[in-house]
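Let's take a short walk through this model in your viewer. Load the coordinates, switch to a cartoon view, and follow along.

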Amino acid sequence: MSKKVVILGASNKPDRYAYKALRMLREYGYDVVPVNPVLDEIEGVEVKHSLDEVENNPDTLTVYVRPERLETVADKIIRVHPRRVILNPGTESDTLEKRFRDEGIEVLRACTLVLLRTRQF
């Protein structure tokens with residue numbers, strides 16, 4: 001199984017959960033692909049400015065953007081076609097959850113950090 005994880009809404013601010021997820025995913029041996037339109041790198045990891053730059057079929061796409069922002073990139077997520085999407089707290093959307101599932105993408109409403117810490121990732 002691929003260990004590539006896309007972080008949508010990646011952050012370089014240590015107090016943000018997206019930043020903590022990037023660090024923890026790397027500690028657990030995952031290949032992270034941060035996505036943020038205004039950052040070029042986070043802790044030496046190249047940041048993609050758009051999902052258009054992400055190669056298809058990552059294992060997981062973990063979401064750290066508000067549902068309104070997520071709606072604007074839903075088509076791109078479907079094109080990238082991760083095996084699963086994790087909707088972290090505050091990113092949930094019933095409409096998009098159904099849409100992703102209809103496209104064969106598993107959806108979890110969960111916290112990436114908790115999943116990693118409890119070995120459920």
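Start with the whole chain: for 121 residues, a compact globule would have a radius of gyration near 14 Å, and the protein agrees with its 13 Å (taken over C-alpha atoms; the globule rule is 2.2 Å times the number of residues to the power 0.38). Its C-alpha atoms fill a box of roughly 35 × 30 × 30 Å along the principal axes.

A note before zooming in: this is a predicted model, where local features need pLDDT of at least 70 and side-chain atom pairs pLDDT 80 or more, while totals for chains, interfaces and linings use all residues. Residues are numbered from 1 along each chain as its sequence is written, and side-chain values use heavy atoms, without hydrogens and water.

Next, colour by secondary structure: you should find five helices and seven strands, in the order β-α-β-β-β-β-α-α-β-α-β-α from the N terminus. These are DSSP runs numbered from the N terminus, with helices being H or I of at least four residues and strands E of at least two.

Now select Y30 and F121 and show their side chains. They form an edge-to-face aromatic pair, 5.0 Å centre to centre with 70° between the planes (ring centres of Phe, Tyr or Trp, its six-membered ring, within 6.5 Å; planes under 30 degrees apart are stacked, over 60 edge-to-face, the rest tilted). Y30 sits in the loop between α1 (17–27) and β2 (31–35) and F121 in the segment after α5 (112–117), so the pair ties together parts 91 residues apart in sequence.

Are these two rings' residues buried or exposed? Y30 counts as buried at 18% relative accessibility, and F121 is buried too, at 15% (buried is under 20% relative accessible area, exposed over 50%, partly exposed in between, with a 1.4 Å probe and protein chains only).
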